[in-house]
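Me: Before we begin, I would like to learn how a few features of a protein model are read. Please show me the structure.

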Amino acid sequence: MSAPEQGQTVFDGQHSRARVFHPGRGRLFVSFDSLRPKRDRFDERGPVKFFVAQGWSHLIIQTARNDWYLNDDLNALRARLAEFVVPYRRVSSMAFSMGGYGALLMSKALRMTQIFLISPQVTPFSGLPPRDPRYRMFEPGMRADLGLAGEDVHEGMRGFVLFDPLERNKDRAHARAIADLAPGLRCLALPMAGHPADKTILESRLWPEFQGLLADRTCRAQDLKALHRKGRGQSQTYQSALSKRMRERAGRGGEL
């Protein structure tokens, strides 16, 4: 197996770094790290083949720890990104969970135009609404004073916040709070898609079509819903969740 492309360094900090692949193409796809258990270093990753093949540049923004990018590098990183994106006429991103939070934090600096956020958080701090306890163990490594605020969000950003409304967690509340913070984003429920809410699409091998919808400026909510429906029959996550709900319904005597 060949080593991944190294890319060009945009920012190189102790806690965060950014690298670009195939720069100067006019359209920029940006990706962010999602939560990975026991992360204590930067991952070595290459560019996303779909976007590179479609003529996009690809910027990877990484964090060395599961800190939701709330570290001592954040302000310097945002300043550098604001300089870097000047030549690009379009900036798009697909970001998951912790990465979705990072994308919101940096959306104004990146002048983000279009985004798909998949099961993101409006805050990782358990003491703030929606008071989600899932990420409490990571809080000591984060700078609370850098937490997401309205002025961090790019006003011109458009897109969707995808979430599974049937998951027994706070993803629905996070999505609604993000939509309030970023009026250009629309909440979109994908039932039984899991966390993050891309499993139906991923497990049914429809990922290139999902990427294509992000690349398409005219993507509509019904397009994403149709892709979710198309993948349900081939998704183990969806089928398992459906079977569980049917058993629960049977136990209640058929009540919804």
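What follows is a dialogue on cores and backbone geometry.

Me: What kind of model is this, and how are its residues numbered?
Reply: This is a predicted model, in which local features need pLDDT of at least 70, side-chain atom pairs count only at pLDDT 80 or more, and totals for chains, interfaces and linings use all residues. Residues are numbered from 1 along each chain as its sequence is written, and side-chain values use heavy atoms, leaving out hydrogens and water.

Me: How many residues does the largest nonpolar core have?
Reply: A nonpolar core is a set of buried Ala, Val, Leu, Ile, Met, Phe, Trp, Tyr and Cys residues joined through side-chain atoms within 4.5 Å, where buried means under 20% relative accessible area, exposed over 50% and partly exposed in between, with a 1.4 Å probe and protein chains only. Here the largest one has 46 residues, and F32, L59, I61, M106 and L110 have the most contacts inside it. Helix α3 (residues 98-110) supplies the largest share, 8 residues; helices (H or I, at least four residues) and strands (E, at least two) are DSSP runs numbered from the N terminus. A second, separate core of 24 residues includes F116, L162, L224 and L227.

Me: Are the non-glycine residues K38 and W68, with positive phi, buried or exposed?
Reply: K38, with phi of about 60°, lies in the loop between β3 (27-32) and α1 (49-53), and counts as exposed because its relative accessibility is 78%. W68, with phi near 55°, lies in the loop between β4 (57-63) and α2 (74-84), and counts as buried because its relative accessibility is 0%.
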